[in-house]
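Work through the exercises below with the model open beside you. Try each task before you read its solution.

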Amino acid sequence: MKVAVFSTKYYEREYLNKANASAGHQLTYFNEPLNNETAVWIKGFGAVCIMLSDKLDDVLIKKLSELNMPLICLRSAGFDSVDINAAAKYRIKVLRVPAYSPQAIAEHAAALILALNRKICQAHNRVRENNFTLNNLMGFNLFGKTVGIVGTGKIGRAFCDIMLGFGCKVIAYDIKESMNIKSKGILYKTFDELLKSSDIISIHCPLTPATHHLFNSIAFGKMKHGAMLINTSRGAVIKTAQAVAALKSAQLGYLGIDVYEGEEHLFFKDLSGTIIQDDLIERLMSFNNVLITPHQAFFTTEAVEQIAQITIKNFTDFETKMPLENEVETININPVLPTNTPIHESI
Ligand code: NAD
C-alpha cells in the first residue's frame with residue numbers, strides 16, 4: 001500500500017523502514033505536518049500516517065474524504081488530535097498504536113522525580129564550572145514517602161511498581177479501580193484524600209473534559225505544602241498559569257513535566273535561534289525547582305520500535321482486510337467529550 005507519512009523525523013524513519021522491510025509498503029516521508037495546505041499531496045495514496053502535531057478537524061477530514069482517502073493511521077496512542085466523529089461521518093477509518101512500552105513513560109516519571117529531588121541538573125552544571133560545593137543540593141529520601149498516582153492504567157501500574165521498589169507508600173486515584181493495583185495492597189483514595197496525603201503526585205490519566213485542568217489552584221491548595229507534582233500524561237491536565245502561582249507561593253515544592261499545555265508550538269522543534277513568545281513556559285523555566293522535558297517520556301528504542309511495528313501492522317491489516325484491532329471507533333470516545341473542548345493530545 002502507498003502511504004503518505006507526515007511529520008516524520010529521521011529517527012522514526014529508520015524504525016519504520018526496518019519494520020516495513022518484510023511488509024513491503026511504499027512509504028513516502030514528509031517532514032511537514034498534514035494540514036489544509038499539504039492535504040493535496042495525498043492524491044494517489046492509500047493511507048495517511050500522522051503524528052500528534054497533525055491536527056485533523058472536520059474541515060481537513062472532509063478534504064481527505066474528497067481526495068478519496070480511506071485510512072488515517074496515528075503513530076501515537078492519543079487520538080484527540082483527530083476529530084473521530086468527522087472521520088466516522090466521512091467513513092474514514094482511524095487506526096492508532098494503543099499501547100507500547102508503558103515502562104518507558106513510567107521510568108521517565110521516576111527520572112524526573114529523582115532529578116528534581118536530588119538536584120541532578122544543578123549539580124551537573126555546577127561541577128562543570130569547577131564548583132564542587134553542596135550548597136542548596138540537599139534532597140530527601142524517597143523511602144517511606146507517600147506517592148499518589150492519578151490514573152492506574154498501563155503506565156500508572158508500571159510506575160507503581162517502580163515506586164514500591166523505592167520503598168514508597170503508594171496510594172491511587174482512578175475512576176476505575178484496578179485489581180492489579182489492589183492486589184499489591186495499594187489503597188484507592190478520593191482525589192482530595194490523595195492530594196492531602198501525597199508527598200509526590202504523578203499524573204497518568206488521559207486528558208478528558210473531566211481531567212482538563214484537574215490540577216488547578218483549588219487542587220494545589222489541597223496538596224501538602226511543598227509537595228512534588230509530576231506530569232507525563234497530557235499538558236492540559238495541569239492549569240499551568242495556576243501552577244506558576246503555586247510555585248511562586250512555594251505551596252508547590254517541585255514540578256516535573258514532560259508535557260505542556262502549549263507544547264504543539266514548541267516541542268519537537270529546534271527554536272534555539274528564535275525568540276520564544278510563550279511567556280508561561282519561560283516563567284516555568286525560571287524556577288530551579290521545575291524540570292521540563294520535551295515530551296520524550298516515550299522515547300526509548302523499545303517504544304519507538306514497537307510504535308513502528310504496530311503502525312506497519314495497521315497498514316497491513318487494512319490492506320489485507322483483516323480485523324482492525326487498533327481501530328479508534330466513536331465508541332472509544334469519552335461520552336462527555338464536548339466537541340469544542342480545547343484538548344492538547346499528544347503521543
Ligand atoms: P490507560 O488507558 O492504560 O490508563 C489511563 C487510566 O486513567 C485508566 O485507568 C483510566 O481509568 C484512568 N482515568 C481516566 N479518566 C480518569 C479521571 N477522570 N480521573 C482519574 N483517572 C482517570 O493509559 P496509559 O497507557 O496508562 O496512558 C496514560 C496517559 O499517558 C495517557 O494520557 C497517554 O496519552 C499518556 N502518554 C504519555 C506519553 C509521553 O511520552 N509523555 C506516552 C504515552 C502515553
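**Exercise 1: Polar contacts of the ligand**

Find the polar side-chain contact that Arg234 makes with the ligand. Then look for others.

*Solution.*
- Step 1. Go to the side chain of Arg234: one of its N or O atoms lies 2.4 Å from an oxygen atom of the ligand. Keep in mind that this is a predicted model.
- Step 2. Move to Lys154. A polar atom of its side chain is 2.8 Å from a ligand oxygen.
- Step 3. Check Gly153. Here a polar backbone atom sits 3.4 Å from an oxygen atom of the ligand.
- Step 4. Apply the cut-off for a polar contact, N or O atoms within 3.5 Å. The pair at Gly153, at 3.4 Å, falls within it.
- Step 5. Now consider area. The ligand alone exposes 860 Å², and the protein buries 84% of this.

**Exercise 2: The shell around the ligand**

Which residues come nearest to the ligand, and how does the shell divide by class?

*Solution.*
- Step 1. Take the 24 residues around the ligand.
- Step 2. Pick out the nearest ones: Lys154, Ile155, Asp174, Thr232 and Arg234.
- Step 3. Sort the shell by class. Eleven residues are nonpolar, eight are polar and five are charged.

**Exercise 3: Two domains**

Describe how domain 1 and domain 2 are laid out along the chain. Then describe their interface.

*Solution.*
- Step 1. Read the domain assignment. Domain 1 covers 2-100 + 301-332, and domain 2 covers 102-292.
- Step 2. Locate the centres. Taken over C-alpha atoms, those of domain 1 and domain 2 are 31 Å apart.
- Step 3. Count contacts. Eight residues of domain 1 touch seven residues of domain 2.
- Step 4. Turn to area. The two domains bury about 570 Å² between them, with 65% of it on carbon and sulfur atoms.
- Step 5. Look at the domain 1 side. Lys9, Leu52 and Tyr100 lose the most area to domain 2, together 47% of what that side buries.
- Step 6. Search for charged and polar pairs. The rule finds zero salt bridges across the interface. One residue pair is in polar contact between the domains.
- Step 7. Classify the domain 1 side that touches domain 2: five nonpolar, one polar and two charged residues.

Terms used
Residues numbered from 1 in each chain as written. Predicted model: local features only at pLDDT ≥ 70, side-chain atom pairs only at ≥ 80, totals over all residues. Heavy atoms only, no water. Near = heavy atom within 4 Å. Polar contact = N/O pair within 3.5 Å; in protein donor to acceptor, adjacent residues only side chain to side chain. Areas by Shrake-Rupley, 256 points an atom, 1.4 Å probe, with all protein chains shown as cover. Nonpolar A, V, L, I, M, F, W, Y, C, P; charged D, E, K, R; others polar. Domains from an automatic or database assignment. Contact = heavy atoms within 4.5 Å. Buried area = accessible area lost by both parts, 1.4 Å probe. Salt bridge = Lys/Arg side-chain N within 4 Å of Asp/Glu carboxyl O.
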